Number of protein chains: 2
Amino acid sequence: MENFTYCTPTRYVFGRGAELKAGEEAADIGMKKVLVVYGGGSAVRSGLLKKVTDSLIEAGIAVTELGGVQPNPVDTLVYEGIDICRREGIDSLVAVGGGSVIDTAKAIALGVPYEGDFWDFFAGKLPATVALPIGVVLTIPAAGSEGSGNSVITKTDGMRKISLRTETALRPKWALLNPELTFTLPPFQTACGIADMMAHIMERYFSTTPDVEITDRVAEGVLKAIIEEAPKVMADPCNYQARANIMWSGTLAHNGICGTGRREDWTSHGMEHEISALYGVAHGAGLAVVFPAWMSYMADHQPEKIAQYGRRVFGVESHSDSVAAHEAVDCLKGFFSSLGLPITFAELGVPDPDIATLVKKLHENKGEAIGGYRTLKAADTEEIYRRAL
Amino acid sequence: MENFTYCTPTRYVFGRGAELKAGEEAADIGMKKVLVVYGGGSAVRSGLLKKVTDSLIEAGIAVTELGGVQPNPVDTLVYEGIDICRREGIDSLVAVGGGSVIDTAKAIALGVPYEGDFWDFFAGKLPATVALPIGVVLTIPAAGSEGSGNSVITKTDGMRKISLRTETALRPKWALLNPELTFTLPPFQTACGIADMMAHIMERYFSTTPDVEITDRVAEGVLKAIIEEAPKVMADPCNYQARANIMWSGTLAHNGICGTGRREDWTSHGMEHEISALYGVAHGAGLAVVFPAWMSYMADHQPEKIAQYGRRVFGVESHSDSVAAHEAVDCLKGFFSSLGLPITFAELGVPDPDIATLVKKLHENKGEAIGGYRTLKAADTEEIYRRAL
């Protein structure tokens, strides 16, 4: 186990009606002028946006709204949000939506108190330590941004999709999680969310750091819960209990508890970010294609932890690490397929991907050698992309 | 899954040399005049106390010391600490030790800003919401107080041992966890700590709340890690990695992550508190005696979750819940015995316990009917105590 620091101060309010606590939670931490960030029309049509803003207003909080966040959120709306906040003296943000909305709110929160370009933080020019406080009303269990200190934004100029990770600056102060709000998620989006949260755990799990039994066991536990509950939400989208298990799993998958004390990997996320930046596919769907390909490569070259995953998470019984690792890949592919997710580029709707460009941009963004579990160069990542064909 | 709130804002610094960060962490949150609370002489003799106070002083922080905390800590030292803090204008506390030291520091932190008797909070007369900030340098992985919002204090007048639970008021602001500091723990104390952390998980796990798969799986994961790592620390007390796994497990066992969304039990803790209040035994040793007895009673009367525990944690294979539950009890007893822990009153050094008094005080303190998994009255708790003979 490696040395680590761990701090997850977000206050979670979980259960039916949680969204109605927005005003109370906001007032409790002194929010006074809030920018409410949301996505498309669903939050408006469902009445959720009005519920949240009413709750804020009833608590004596002034509300300004900024809608229009799209999946794979871009910098242009961040700049617009920063302008609004400065112009109107906004002191805090409330995100009503999923990862894209939350990540946009986080980037705005970071940009407002900073004199320069907010992209400086994403470009790694300086550490992100100060941001306006953020609250979240979660509608999509997937990105885990409601509990993480991360934000992923795409720069439209060059379509660079970059993930910024902070210890606490970007962790929401509070997050309201009502599983009922996820009943209307379409099956494909539900499945993409499940792939995303599983990937968040697996990026942490596939590590060469020895002696991390406690962290491995917690990660395996969350994965097993997801694998058990996912078919239930697919079969019955209004199954409150299954939705609740999936929703809380998505938070635990990415708040850091599954990664304490070890070097993490994150290659598959990096490889997927290039795919979604170039082809605009859903992040979770891209992960369902890339992650098994990455695992298949590792089953050939470094199977130990892939085999452990297969045995402990999917009950694979083979004694040979190499065989068990390949069986683990098959199990994961079968599981993703059972949820209606793509597991090849073709199924993803990208029958003829420009692998040369994906590899080139990946290493431009992440460096010549990437990966925590095994160091990969362009020839390796090209092979992994090819395994996903 | 039931509605819940969850907030664990403690900042953990984990690893070799963590104790040297005391000054930095204290200064970061504005601590200026600190009361350092510790136990017996071991923190002095090992040089740990000096390392911590030096670190604080180097960070410009004024230090006052209060030693002498005993296991099963009592109110008298709390009153003394409160007096010192008021007299010297102390603004914060740093606990150097295990659960008893931390719980004493927490009770002092609660008492200083309150005009009345700090015991009012433990007696349930009013909710505990305001306390001085606390930092922790942990030396005993057991009570989990470094991450919990709880404090357990015994009132010397009447020997009432009461646990106070707060959502965040008593959670430490920071906790420094260096596994090396636990190398010198005697085997019996190490084992008692392991029993205590397992009990913290099991009190949460044994619940009738349905559909808590995610919380069950996390709890099972932490239990499995403890069961795997415990024999390693018993065999080799200076095994850093095993000590590290046990130390972090002890924190996760009691910071709430193993209990989200369900009604908890806590009968065994209540029953043990009467034993340690009356006979002064180590809390963990008392739990090793009481918990299997409680489980054995439940195996007869309500075996479902006990059976699940047996199957998932110890790999019990019986299809009958009743049989599997009793096998689970045997597995746990065998595990505790293998660590050198007592599993009967006689082995605990109390060959002829005054069960009538234990039962009477238990229900005086906790009410006529107790327990979350199954409601128990005096006849039931008497039978459970008897099963531990």
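## Strands that pair

Two strands count as a pair if DSSP finds at least two bridges between them. With that in hand, we can look at this predicted model and start with strand β1 (residues 4-14) of chain A. Within its own chain, β1(A) pairs with strand β8 (residues 174-177) of chain A in the parallel sense, over four bridges. If you would like a residue to find on screen, try A:Y12, whose bridge partner in β8(A) is A:A175.

β1(A) also reaches across to the other chain. Seven bridges join it to strand β1 (residues 4-14) of chain B, and these two strands run antiparallel. Here A:T8 is a handy landmark, since its bridge partner in β1(B) is B:T8. How many of the eleven residues of β1(A) are buried? Eight of them are, so the strand is largely enclosed by the rest of the structure.

## How the two chains are related

In general, two copies of a chain are related by a rotation about an axis and a shift along it. For this pair, a turn of 180° with a shift of 0.0 Å along the axis lays chain A on chain B with an RMSD of 0.0 Å. That is the relation of a two-fold axis. In chain A, the C-alpha nearest the axis belongs to A:P9, at 1.9 Å from it.

The contact surfaces tell a matching story. Of the interface residues of chain A, 100% are also interface residues in chain B, so the copies meet through the same surface.

## Chain A as a whole

Stepping back, chain A contains 16 helices and eight strands. Its radius of gyration is 20 Å, close to the 21 Å that the globule rule gives for 389 residues, so chain A is as compact as a globular protein of that length. Along the principal axes, its C-alpha atoms fill a box of roughly 65 × 45 × 45 Å.

Buried residues make up 63% of the 389 residues in chain A. Among contacts in this chain with a separation of 6 or more, 77% come from residues 24 or more positions apart. As for the outside, chain A exposes about 13,300 Å², and carbon and sulfur atoms supply 51% of that area.

## A helix worth a look

Helix α11 (residues 283-301) of chain A has 19 residues. From first C-alpha to last, α11(A) reaches 26 Å, close to the 27 Å expected at 1.5 Å a residue. Is this helix mostly covered or mostly uncovered? Mostly covered: 17 of the 19 residues of α11(A) are buried.

Definitions and conventions
Residues numbered from 1 in each chain as written. Chains lettered and ligands numbered in written order. Predicted model: local features only at pLDDT ≥ 70, side-chain atom pairs only at ≥ 80, totals over all residues. Heavy atoms only, no water. Expected span 1.5 Å × (residues − 1). Buried < 20%, exposed > 50% of the residue type's maximum accessible area, 1.4 Å probe, protein only. Rg over C-alpha atoms; globule rule 2.2 N^0.38 Å. Contact = heavy atoms within 4.5 Å. Areas by Shrake-Rupley, 256 points an atom, 1.4 Å probe, with all protein chains shown as cover. Least-squares fit on C-alpha atoms with pLDDT ≥ 70 in both.
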